[in-house]
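Please keep the viewer open while you read, and make each selection as it is named. The tour moves from one stop to the next.

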Amino acid sequence: MSTTSNSSQASASPGRWERVRDSYMWYSFKRDRTAQLCLAVFICMVIAAFASPLIAPTNPYDLAQIDIMSSELPPFWIDGADDRYALGTDAQGRDLWSIVLYGTRVSLLIGFGAVILQALLGVTFGLMAGYLGGRVDTILMRLADIQLSFSTLMVAIVVGALVKATMGSAFYSQYAVMMLILIIGLAEWPQYARTVRASVLAEKNKEYVDAARVMGLRSKRIMFRHVLPNTMSPIFVISTVQIANAIISEAALSFLGLGMPETHPSLGSLIKSGFDYIQSGSWWITLIPGAVLVVLVLSINLLGDWLRDVMNPRLYKG
Amino acid sequence: MIAFLIKRLMHAILVMFVISVLAFAIQDNLGDPVQQMVGQSVPESEREEIRERLGLNDPFLVQYARFARNAVQGDFGYSYFYREPALEVIARHLPATLELVFAATLIIVLFSVPIGVYSAIKPRSPISRLFMGVSIIGISIPVFLTAIVLIQIFAIGVTVTLFPESTGWGAWLNAFFSTEGNMPSFGRGYDLVNVVGNWDTNLATWNGLQHLVLPAVSLASIMLPLFIRLIRAEMMEVLQSEYVKYARAKGISMRRVYFVHALKNTMLPVITVGGVQIGTMVAYTILTETVFQWPGMGLMFLDAINRADIPLIVTYLMIVGVIFVVTNTIVDLIYGLVNPTVKLTGKPA
Amino acid sequence: MTFKKTLLASVIGAVVAGTTLLPMTASAETLRIGYSADPETLDLHEQLSGGVLRFSHLAFDPLVRWTKDFQFEPRLATEWEQVDETTMRMTLREGVTFHSGNEFTAKDVVWTIERLKESPDYRAIFEPVASAEAVDDYTVEIVTTEPYPLLLNLATYIFPLDSEFYTGETDDGSDKAEIVKAGNSFASRNVSGTGPFIVTDRRQGVRVDFERFEDYWDTESEGNVSNIVMTPIAENASRVAALLSGGVDFIDAVPPNDLDRVREADGVNLIEIDGTRIIGFQMNEERVEAFQDARVRQAVDLAINQEGIADRLMRGFANPAGQFSPEGYSGHNPDLTPRYDIERAKELMAEAGYEEGFSVEMIAPNNRYVNDAQIAQAVANMLAQINIKVDLRTMPLAQYWPEYDTRESDMAMIGWHADTEDSANFFQYLTFCIDEETGAGQYNYGSYCNEEIDALVTEADSETDLEKRNEMLREAEAMLYEDVGFIMLHWQNLAYAAADGVEVEPVVNAIDFPYLGDLVVKSSDD
């Protein structure tokens with residue numbers, strides 16, 4: 001169990017502790033084919049997405065390259081395909097392969113950005129609630145309760161409308177990526193806060209915390225320098241799941257027309273724009289970005305599963 | 001117990017208050033409802049008159065106070081689009097959503113319990129591994145994508161020509177993987193049977209059930225894997241416990257141990273999580289209903305956002321807030337009944 | 001839901017079927033309609049809306065009505081002649097009775113016109129009419145303040161009301177004739193018209209029931225619908241589903257994404273009609289100096305492939321346009337076809353000194369017109385060809401109009417349908433130099449101003465010689481075409497759908513008010 005290992009190793013230097021952990025992870029990783037495959041797929045997708053300007057045959061943001069007359073061309077294995085467009089084109093005549101690459105980049109950016117924001121908010125609030133306790137704890141956790149009792153999607157829709165209302169819709173669409181990071185970040189911080197709080201409560205009464213307190217360290221320092229490192233493994237495990245969730249949330253918002261605009265599409269807005277054409281037989285416009293989204297999220301989720309098994313952290317349940 | 005209920009009531013009131021203030025704060029920027037209520041050649045002066053009459057020009061606090069006063073009396077205002085009381089509009093859309101959630105819940109319960117239990121009892125069997133693999137794929141597919149794939153396969157149809165059609169086996173495989181489509185994927189159908197009031201049910205006719213299948217399956221797809229994994233995890237933990245070992249040692253049949261003793265203790269956390277998740281499912285219906293054009297509350301809510309139908313948006317959010325609080329309360333009550341050691345008045349753990 | 005199969009109904013149905021055992025005959029057909037909107041009120045003059053106008057054609061008759069090819073068809077007025085520059089004499093149909101049993105005479109027409117002039121929604125439209133006078137029981141003279149060529153167009157909005165029925169006081173002492181907007185007036189609840197159908201029951205927002213009027217004057221009409229059940233189904237999806245599943249026989253406004261679905265479905269027919277709503281873009285000359293240069297505007301027009309949009313994005317559900325007036329309209333000029341020539345557009349940009357191009361912001365709605373957001377995106381892509389970089393924002397209708405009114409963007413999409421079914425209306429609202437006083441150019445987003453065109457259209461509007469007037473409007477269209485005061489894209493089609501046997505095609509028209517009195521339903525048992 002992690003509790004025993006944590007307390008017994010708390011006195012050891014963090015560097016060595018990390019190395020031990022790493023070597024176990026490495027050992028487990030070497031034996032786990034699924035984890036290897038997932039990591040490979042995930043890294044490939046990240047590289048492809050962020051190198052999309054180099055890889056993509058066309059630049060979908062360069063509107064001058066788009067020709068409406070070559071719209072809805074099928075992918076290469078179907079009759080009527082055009083050699084220039086390996087995966088076909090969408091309803092506007094954009095090369096699907098290029099736009100999917102760029103779209104993946106947008107989705108990843110929002111996913112990672114939102115999780116960083118969630119973690120910052122959640123860890124801070126969780127530490128405060130767990131360590132300070134009392135009224136701060138009650139207020140923060142009640143807030144988290146209320147927010148969690150609504151689903152992320154609902155919160156995101158409402159937060160999105162709020163942001164739009166205060167900043168104006170012109171501003172919103174100009175900084176759509178930032179806005180979505182903000183919305184999804186604000187909507188899911190309680191996940192972190194609860195987990196961190198639970199771990200803090202477990203750590204709080206351990207000897208090393210008492211010792212630090214006796215030594216006269218300020219609570220901020222104790223929280224961030226001593227308690228936080230010992231709650232890292234649940235945070236780490238949650239983060240993988242949360243990245244996958246954030247990517248899905250973004251896709252859902254965009255699918256509802258409340259996220260990325262079609263001129264600057266993420267995978268979700270690509271799926272949305274293609275859905276209008278599925279009835280007329282052009283399934284590839286929606287299902288190809290859909291498949292990419294699934295592979296991306298699946299590889300992250302499987303990595304998260306593996307991490308959970310390896311680290312075996314105490315996660316907050318229910 | 002009573003203290004607990006009062007506390008919950010306060011909680012509910014707080015939630016509704018926050019929602020109503022938020023919804024009121026955003027209303028100005030959702031758009032101008034008057035634009036949609038008059039013809040294109042009606043001059044600005046007439047529009048101003050209507051705006052004045054609807055009280056849209058009053059200061060924020062005045063508008064909010066008016067809303068709150070009426071809301072307390074059960075009057076949430078008129079939907080701008082439907083020209084009906086917002087509560088009635090929601091009441092009309094509610095049965096469709098509830099039936100969808102009910103059908104999805106049924107699917108979840110029917111599949112998650114046996115699969116979860118089986119893969120806990122035999123964690124190493126290939127079938128368990130398959131279930132676990134499929135369930136993580138299920139978690140990774142967003143609900144709207146599941147819906148789209150279902151539509152493509154079962155409503156539109158897929159023609160596979162991957163295998164050589166000239167050979168017998170190729171033709172057979174092509175036919176095997178091709179689907180005809182024709183499953184309804186659109187709306188509730190019109191063979192609905194009126195139960196009572198404005199509740200028309202899909203559950204009473206073949207046509208109605210057919211319309212329900214795809215939306216319910218796609219809605220269930222998001223929760224099913226979660227429940228399978230949850231039941232499996234809880235069950236495995238229970239099977240390790242002393243009393244199960246004791247029961248086994250006493251010579252009680254394995255079947256009885258699994259399905260009576262272990263399952264009963266597994267269900268406790270499952271009910272807690274499940275109750276909350278079913279509340280969440282009401283929100284997921286926004287996506288499912290949009291894809292299948294299922295005329296329930298979710299679709300209505302999204303339309304209301306696009307139409308800036310403020311009274312309807314506010315009312316919907318408040319109703320959903322109440323649904324969440326109520327399900328959470330019921331879950332806690334059940335939890336308290338099943339497990340008396342939980343003190344209902346207790347602070348969050 | 002509306003088409004409940006209540007237990008009661010099925011019991012009655014079983015009893016009826018069991019006792020008569022006869023197929024429904026062709027002379028007694030019930031038509032179940034699912035319209036996107038129901039009449040907001042039964043008072044025709046309370047609200048000018050599609051729902052109320054459609055209702056008007058059921059329970060009332062206009063003096064004249066439009067035919068499919070935009071000619072006037074006599075209804076309650078049988079003949080008309082221009083007595084002098086400002087006076088038109090109309091002969092009314094004899095032997096017409098109202099639903100109340102009162103006889104229809106000239107005094108009802110006069111009374112109706114006077115009421116129209118008091119209606120907030122119609123006041124502006126009936127501004128040109130000075131007075132109306134009954135010469136005898138079946139002759140009425142309408143006088144305009146100035147020579148006004150569109151009086152017959154206005155007459156399509158005159159549905160004579162039963163003046164006797166609507167005169168007097170109600171029990172609680174209010175005037176039966178009063179017009180109360182969104183209120184509870186006598187006229188908003190009670191109907192007496194001359195139309196083919198009588199309102200038998202109405203539950204606002206739920207359904208309106210009609211029964212054929214036995215003493216209907218038009219005995220030559222082949223219409224055989226005996227009862228109508230009209231249900232408003234606002235959600236597009238539910239409306240289509242209602243038709244496909246046989247819950248209703250006839251729906252309007254088939255949403256574009258469902259056209260294929262309806263077209264291919266068994267047992268229902270899609271009826272597409274060339275529409276008269278022009279979809280286009282306005283260029284904001286106040287904000288973008290380049291748009292003040294006619295060469296830049298021409299270049300924009302040349303860079304846009306109207307045919308491509310109509311063919312690809314709209315899948316043929318639109319006719320590419322080079323002018324405001326669709327075919328059949330007074331000012332339609334057959335010479336003005338859409339232009340598309342990228343090379344020429346680039347030359348013009350260079351000539352105007354904008355070879356390097358410039359950036360503009362564009363706004364468009366995303367749920368108002370058929371495929372509006374996709375069209376806007378396609379236009380943005382096309383403009384990139386001539387180095388105009390477009391920053392596009394699309395939004396739901398509710399946010400679009402307030403945004404449009406601020407005129408704080410550089411290009412804006414708009415669709416326009418002329419209430420008068422006349423070419424001049426387009427110019428007056430969309431391209432006239434803005435004049436706050438007269439309301440001219442109320443929807444001229446870009447502050448485009450060409451006084452020559454304005455003068456010509458204004459002159460045309462007081463020219464009672466229709467041949468001459470048409471020539472002037474055609475000229476105005478040609479001038480606008482040269483000067484590119486508005487980027488025309490296409491006229492968006494209308495789509496109805498009906499079950500097999502419901503012969504909707506002859507009674508629907510581009511004006512979007514089906515003449516259901518003449519609808520023939522062939523029973524499937526025949």
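**A first helical span in chain B**

Begin by selecting residues 212-231 of chain B, where the chain is 100% helix and 0% strand and the end C-alpha atoms are 26 Å apart; helices here are DSSP runs of H or I with at least four residues, strands are DSSP runs of E with at least two, and both are numbered from the N terminus. What you are looking at is a predicted model, in which local features need pLDDT of at least 70, side-chain atom pairs count only at pLDDT 80 or more, and totals for chains, interfaces and linings use all residues. Residues are numbered from 1 along each chain as its sequence is written, while chains are lettered from A and ligands numbered from 1 in the order in which they are written.

Select residues 130-163 of chain B next: the span is 74% helix and 0% strand, and its end C-alpha atoms lie 26 Å apart. Both spans appear in the unreviewed UniProt entry under the annotation "transmembrane region", which also covers residues 9-27, 100-118 and 314-338 of chain B; the positions are given in the numbering used here, feature names are shortened, and such annotations may be inferred rather than shown by experiment.

**The whole of chain B**

Now show all of chain B, whose secondary structure comes to 12 helices and two strands. Colour the chain by pLDDT, the predictor's confidence in each residue from 0 to 100: the average is 79, and 89% of the residues score at least 70. Over residues 342-349 of chain B the pLDDT is below 50, and beyond near neighbours in sequence this stretch has nine contacts in the model, a contact being two residues whose C-beta atoms, placed from the backbone, lie within 7 Å. Where pLDDT is low, the predicted coordinates should not be read in detail.

**The hairpin**

Select residues 193-196 and 199-201 of chain B, the strands S1 and S2, which run antiparallel and are joined by three bridges; strands pair if DSSP finds at least two bridges between them. B:Val196 has B:Trp199 as its bridge partner, and of the two residues between the strands, B:Gly197 takes a positive phi near 55°.

**A helix in chain C**

Finally, select residues 50-59 of chain C, helix H2, which is largely enclosed by the rest of the structure because eight of its 10 residues are buried (20 or more other C-beta atoms within 10 Å of the residue's own, with C-beta atoms placed from the backbone). Among them are C:Phe55 and C:Leu58. To see what the buried residues pack against, add strands S1 (29-35), S8 (197-203) and S9 (207-212) of chain C.

Note on methods
A residue is buried if 20 or more other C-beta atoms lie within 10 Å of its own, exposed if 12 or fewer, and partly exposed in between; C-beta atoms are placed from the backbone.
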